[in-house]
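User: Could you walk me through the salt bridges here, taking a close look at one pair and then at how others link up? I'm in my first year, so please spell out the terms.

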Amino acid sequence: MASLLYRLGRFSFRRRKRVVAVWLLLLVLLGGAAATLMGPTSDKFTIPGTESQRALDSLKEQFPQASGTTGTIVIAAPEGGKLDRAAVAPVVRDAAAVPGVVGAVDPFQAGTVSKDGRYALVQVQFDAPKDEVTDAQRSAYEKVGASQGEDGPRVEHGGEVLSAEVEVGSTEAIGVLIAAGVLVVTFGSMVAAGMTLLNALVGVAAGMAGLFAVSSVVELTSTAPILALMLGLAVGIDYSLFITSRHRQYLTEGMDAEEAAGRAVGTAGSAVVFAGATVVIALAGLTVVSIPFLSVMGLAAAGTVAVAVLVALTLLPALLGFAGHRVLPRKQRPGHSSADTDTDTDTDADADAHAAVDLAKEPREGFGFRWGRTVTRFRVPVLLVGILGLGVLALPAADMRLALPDAGTAAAGSATREAYDLTSEGFGPGFNGRLIAVVSSDDAATTAAAAKEAAARIRDTKDVLTVAPPLMNKQGTTALLTVIPKAGPTDEATEKVVHTVRDRLADIGDGNVAGAQGATVGLSGTTAVGIDVSEKVADAMLVYLLLVVGLSILLLMLVFRSFLVPVKAALGFLLTIGATFGITVAIFQQGHFADLLGIDVPGPLVSFLPILLIGILFGLAMDYEVFLVSRMREDFVHGAGAQEATVSGMGHNARVVTAAALIMTAVFGGFIFMPDPIIKSMGFALAVGVLVDAFIVRMALVPAVMSLLGRAAWWLPRPVDRVLPNLDIEGESLQRKLVPEQGRRTADASGSEDERESALAKEGEDAVV
């Protein structure tokens, strides 16, 4: 692999104008496709085969008028006052006149007026699902009741119809700006930092454009593009950072720019391919849990990551060709002593001829070496403190609850949040978590008997507040029973109500109820759908975790040709996941320090957050594992002792891993400022996971364990060693094939060297073509 990537890197460097032109053309084509083919995103988090989904499907077929999205308008009289029909009638009339509305129910007829007479709920039924409701219809709905004036009753609009799709805002730019600052500090060169960031942005633009281009044929959830953007930015910057850092290292060792680019892509690029492959495999692996919306999210993010890898391997070396030695700090550039340093063109032969003197480095031990020696010296205390500390952080995860977010977690001051709070204030939290029992059969008499029995059983269920009279379709074959629980939609008591009601209704159509034989009864509604989704994801999480851990052991065994190193990496990953879950639960669910993140109402974690974290953090953790441990293995294979190799791996890669982790944390952290609870929790959990894994697990526990294991860390049974293919991540075969030059070529030898370079480049072009 390293040899192929070496030739690819040199080809892209030498043919940089063509490579850049191809990427620009591709961006234009993808952008045009996205603009013309982009379809709407969806907020559906459903799972085919669940009871709630079967009930909704039956409702859509048998009772289409009631299968569209709904809205709830809350009316409140001033404090101490009461509502009358005259105050409510204009709101009902305006709601019924909204385009697409098939009915608005008078609260005095439906009995949805509070006991004190101050609050009323107007139920609004649309004829289309939420995804098909237009912006004009929503705007008209939000204007209902505007004629009441400031002196009239308070009118708030909520319901499913106003569940806003997640939009990318300006807050994400904060993370990008911080990442840019980290790159400038790391590289000491504005050119290197800007080029790295530009490369990542091109990859994100291409990936996102491609994603939106296929959205007309694939239903995307509204969070899928955000996740793809989040990951594409983070890994795109990091992968470019790794290759650029290695390119700069080779330049300072005296290589000419083209050779340095080829070597960087061949060595660091090999690690990037592996690291990207682990992220792609982990995200694509979400398809095995058979949850459609989760599969789409995983595949969307995986596609963006794959594009980021491709951009790093092709466009980056082309940009390095344009940048030349300007990717180095000013003091390390050839000809720095001259007065006109900035006018140097790094592809000129004169720059290469004088590089031996200008790029000479003084041997200086950095912080990474000192840190590596400290950790290996105090390896036992480091292991004890690290493992126990992460174990304590993981304790809150034992109380983790999962649910889909409701309007109660929406941004304070938003329309849906105001309506939610006003409904809870006037009627209790259960009115925000309505359930729908769908009763259907082949004839009206059977449906009526089954609906009557279902209403009686539901009414006698603990923690059920009330059951509305059945609403029948025209044929009388399908009935709807609106069930109001006492607790809110994400409350644990409501979850118990759903399971209890389903158990009590299960045998109604089995012949146990007179006249109801053959009827089917299903409990659905937004709250029930959320519970079904959460339980399905929770059941799949353990299977997926075992799949990911097993995959990590196998992949790392291929890379490092070791048995204990992969096991150590997998155990470290489990520590990362546990601590990340624990911290996230403590803040988002238990409410500790929640105010600092703008969380005014703690609640259960988003149902699919944990399984997404497992997939994403697995890939990112393997990134850092590869870049740190691969250097340890390289030095050990070349004769260094186990302790020396551990210190060397930390010394050479601690700086770049630190920068990569800070960049990822900044990019993910930028999403914390978004008001949407799903994106906020995802950004926070990913940022915390990266910090924990990079700075505690990989840069503290990993060298401590490697030092403790010594030579045993690289043991692999011979039968396994013979079977496993050699992936050559660090380019050992490339190093053997291309013996590094000692010093730089002189002007007299430049002709012969140019011929050799041309031959190698021609070989690369042939390989690529």
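Analyst: Let's start with one pair: Arg 698 and Glu 625 form a salt bridge, with their closest N and O atoms 2.6 Å apart. Here "salt bridge" means a side-chain nitrogen of Lys or Arg within 4 Å of a carboxyl oxygen of Asp or Glu. This pair ties together distant parts of the chain, since Arg 698 sits in helix α23 (residues 677-709) and Glu 625 in helix α21 (residues 609-637), 73 residues apart. Helices (H or I, at least four residues) are DSSP runs, numbered from the N terminus.

Keep in mind that this is a predicted model: local features need pLDDT of at least 70, side-chain atom pairs count only at pLDDT 80 or more, and totals for chains, interfaces and linings use all residues. Residues are numbered from 1 along each chain as its sequence is written, and side-chain values use heavy atoms, leaving out hydrogens and water.

Back to our pair: Arg 698 is buried, at 0% relative accessible area, and Glu 625 is buried too, at 1%. Buried means under 20% relative accessible area, exposed over 50%, and partly exposed in between (1.4 Å probe, protein chains only).

Now for the linking up: salt bridges with shared partners join Arg 10, Arg 14, Glu 258, Glu 259 and Arg 263 into one network. Within that group, Glu 258 pairs with Arg 14, their closest N and O atoms being 2.9 Å apart. Glu 258 belongs to helix α10 (residues 257-284) and Arg 14 to helix α1 (residues 2-14), 244 residues apart. Glu 258 is buried at 10%, while Arg 14 is partly exposed at 30%. Across the whole structure, the search finds 17 salt bridges.

Notes: Helices (H or I, at least four residues) and strands (E, at least two) are DSSP runs, numbered from the N terminus.
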